[in-house]
Amino acid sequence: MTATYREQGDIAVITLNNPPVNGLGHATRTGIVEGIAKAAENTAIKAVVIIGEGRGFSGGADIREFNTPKAMQEPSLMTVISIVEASDKPVIAAIHGVAMGGGLELALGCHYRVAVAGAQIALPEVNIGILPGAGGTQRLPRILGLEPALNMIVSGKTVMSDKLASTKLFDQMITGDLLEGALAFAKKVSDARPLPKIRDIKINYPNADGYLQFARNTVRVVAGPFPAPLKCVDAVAASVKMKFDDGLNLERNLFLELVQTTESKALRHAFFGERTASKVPDVPSDTPLRTIKSAAVVGAGTMGGGIAMNFANAGIPVKLLEMKQEALDKGLATIRKNYENTMKKGRLTQEQFDKRVALITGTLVYEDLAQADIVVEAVFEDMGVKETVFKKLDEVMKQGAILASNTSTLDVDKIAAFTKRPQDVIGTHFFSPANVMKLLEIVRGAKTGKDVLATTLALSKTIKKTGVVSGVCDGFIGNRMVEQYIRQAGFLLEEGCLPEQVDKAVEKFGFAMGPFRMSDLAGNDIGWYIRKRRYVEKPEVTYSKVADLLCEKGRFGQKTSAGWYDYKAGDRKAYASTEVNTMIIDHSKAIGIERRKVSDKEIVERLVYALVNEGALILEEGIAMRASDIDMVYLTGYGFPLFRGGPMFYADTVGLSNVVMAIHSYAKGSHSEAWTPAPLLTKLAHEGKTFS
Ligand code: T1G
């Protein structure tokens, strides 16, 4: 049973026990209703306490049930809450840990609420593209006030229970044992009548229309492509403008509308995708972890410095190694500057600044790294340099230290083979800027120990990264796919597009940045270096030569104030470049291509389906364990629009058969070899299936 009933003297206790977060699934809802009925039947019972077992009161409705019959199967959460509220005997919610979404709505339906400090209180439904659908938009404004309730509902933000101690939300804060406190409180109110019901409270808010209009205008700007935030305002407005039951109906209708939207399904896909990514089928969840109490980073460049900051931000001391004092000083100064900028923006206190800076120390000798529990190499992307570094680390590092490489494309198995301890070697591919981007590609070598993988996944959570496991291949998951994306972008330039058209089309699709602005930011020479290697290793793979022509002019991007675009000193804005556009047009002529008008639809399809097709190959080869992992890589590392759920999820929403049809049509164009449909994609499309 996921909701148990027992009697403690003249108080009944209903305990929610549905790990991991007491999700209010159908069985739990049924258990609550049965418990209330039992308490009502027993005349000796004078009050009911509802309390959560484990980590908290309740994390809300069971999101996994959404869009399945179970979600609405009676007793629905609405029904449960109305039964609780209609009880003749007082029902007290005893809250600890977490009371979120439907969990908080259940508590709002109770007559009283008591809580201990430190409990996470939220109506976070907007974060998964819906709104509180069990009375939260009608009850929270009545008990907390219109403004604070609207802020909580539209932002989905968590507020700690102690911050709400002085509000009417909690009738008493409990110090000491929660159940004991709740039972004592229940005895105190067992005879109190009439029973207080939040639904009976009338909101008095002068000029509510003005405030709500202001709220709508603000939310409309912030909400972007997501419909839920504005619907939250509409629902909360009903708490002021309508009778309670009418407001409840409006809330229900808005909820049912939102739960069907692609945006909400995409957000739920990302919610579970983030959590599922850290599960590795052949690595038991109770695999013993290595202790990570100290870290080291080899290389104090842009990546090394950013990586070191991740450890310091998590309170882990980190030693930063460089070969020359000047480079070390520059690296440490850059780190300091980054923290100063964050402090200037008010996102870091002086105390935090001092602590984090103190946690990062520099050194010029490998021996100083010896006792670190993990060392991350962040040196030049060249196998010869990696060999030198890993041979030295193998000599110096204590036994049991994890030896990680920040390589973005190179073979981690080859790097592991430079050491006598390949089981301790793993890839930790951070994304620039390493202290900002959430994605961490964790590259599992053939010999990487299961405990090393499990430890690195746990560490990714500690340093607040989204860790996604990749197998070993050229470019792992993200860069291997982006290679195809960039190839198509180059071909489009030859066929008739200019950089600004391609960028605008994909930015309109929702990407944070188009391929050419992204390349100018990262540095066009990086791709140039990789292509030169590819021309030798994989001569059969064709590329547009335009990018090489650009680099031969030294136009490496923002760092040279000229790339695909022109840049002005002190201004990061990208300006269309007459020189580059003329070069592109001349190049088409030189290779005999008659330029044509290309639609935005074709641009987006060719770039996004190139990702999807390569993603399907990556899945088939087992480089990625699941499609949602690929989506997490693109959502957290490549600016893929969250409201579309990631390339694989997006392909599912388009329909894989439509994707395959489009690929076949592009295969008739130039560079048809780039459009060989992945067998898995073709198979799933043929079977009418999806990736997720
Ligand atoms: N439903 C199903 N599974 C859930 C869940 C939920 N609501 N919340 C968490 N999980 C799973 C999660 O997938 C993971 O699974 C495990 O629990 C631990 O989660 C009518 C309709 C509660 C603060 O949006 O914010 O109520 O990986 O790793 O860091 O208005 O989970 O172990 O298999 O995040 O301690 C509204 C979402 C639902 C809360 C705990 N509620 N959850 O954080 O653990 S909609 C939410 C969270 C709703 C009503 C509407 C967090 C947490 P696994 P975790 P955590």
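Before the exercises, one definition: helices are DSSP runs (H or I) of at least four residues, numbered from the N terminus. Also keep in mind that you're looking at a predicted model.

**Exercise 1. Find out where in the chain Glu-340 and Arg-336 lie, and how their side chains meet.**

Step 1. Look up helix H13, which covers residues 325–344. Both Glu-340 and Arg-336 belong to H13.

Step 2. Check the spacing: the two are four residues apart, or about one turn of the helix.

Step 3. Now the side chains. As a general point, side chains of opposite charge can pair when their charged atoms come close.

Step 4. To count as a salt bridge, a side-chain nitrogen of Lys or Arg must be within 4 Å of a carboxyl oxygen of Asp or Glu. Glu-340 and Arg-336 come out at 3.8 Å, N to O, so their side chains do meet in a salt bridge. The structure holds 44 salt bridges.

**Exercise 2. Work out which strands stand at the edges of the six-stranded sheet, and why one side of each has no neighbour.**

Step 1. Write down the strand order: S1-S2-S3-S4-S6-S9, an open sheet with mixed pairing.

Step 2. Go to the edges. Strand S1 (3–8) and strand S9 (172–173) each have a single partner strand, so one side of each is left without a neighbour in the sheet.

Step 3. Zoom in on one pair. Strand S2 (residues 11–16) runs parallel to strand S3 (residues 47–52), and six bridges link them. Across from Ala-12 you'll find Val-48 in S3.

**Exercise 3. Do the same for the eight-stranded sheet, then see what lies across strands S16 and S17.**

Step 1. Here the order is S12-S11-S10-S13-S14-S15-S16-S17, again an open sheet with mixed pairing. Its edge strands are S12 (360–363) and S17 (466–470), each paired on one side only.

Step 2. Add the twist: on average, neighbouring strands are turned by 25° against each other, direction ignored.

Step 3. Pick out S13 (residues 374–377) and S14 (residues 402–405), which are parallel and joined by four bridges. Val-376 has Ala-404 as its bridge partner in S14.

Step 4. Finally, find helix H25 (residues 627–637). H25 lies across S16 (439–443) and S17, at about 135° to S17.

**Exercise 4. Describe how domain 2 and domain 3 meet.**

Step 1. Set the bounds: the chain is divided into domain 1 (3–259), domain 2 (295–470) and domain 3 (478–687). The C-alpha centres of domains 2 and 3 lie 29 Å apart.

Step 2. List the contacts: 16 residues of domain 2 touch 13 residues of domain 3.

Step 3. Get the area. About 1,100 Å² is buried between these two domains, with carbon and sulfur atoms giving 61% of that. On the domain 2 side, Thr-409, Leu-439 and Val-468 supply 33% of the area it buries, more than any other three residues.

Step 4. Tally the polar side: there are zero salt bridges between domain 2 and domain 3, but three residue pairs are in polar contact across the interface.

Step 5. Name the elements. S16 and S17 are the ones giving two or more residues to the side of domain 2 that touches domain 3, and S17 gives the most, with four residues.

**Exercise 5. Describe the hairpin formed by S18 and S19.**

Step 1. Strand S18 (residues 565–568) pairs with strand S19 (residues 571–576) in the antiparallel sense, over three bridges. One of the matched pairs is Lys-568 with Asp-571 in S19.

Step 2. Look at the turn: two residues sit between the strands, and Gly-570 there has a positive phi of about 75°.

Note on methods
Residues are numbered from 1 along each chain as its sequence is written. This is a predicted model: local features need pLDDT of at least 70, side-chain atom pairs count only at pLDDT 80 or more; totals for chains, interfaces and linings use all residues. Side-chain values use heavy atoms; hydrogens and water are left out. Two strands pair if DSSP finds at least two bridges between them. Axes are lines fitted to C-alpha atoms, for helices over the stretch in contact, and angles run from 0 to 180 degrees between N-to-C directions. Contact means heavy atoms within 4.5 Å. Domain bounds come from an automatic or database domain assignment. Buried area is the accessible area (1.4 Å probe) that two parts lose on being put together, summed over both. A polar contact is a pair of N or O atoms within 3.5 Å; within protein, one must be able to donate a hydrogen and the other to accept it, and residues adjacent in sequence count only if both atoms are side-chain atoms.
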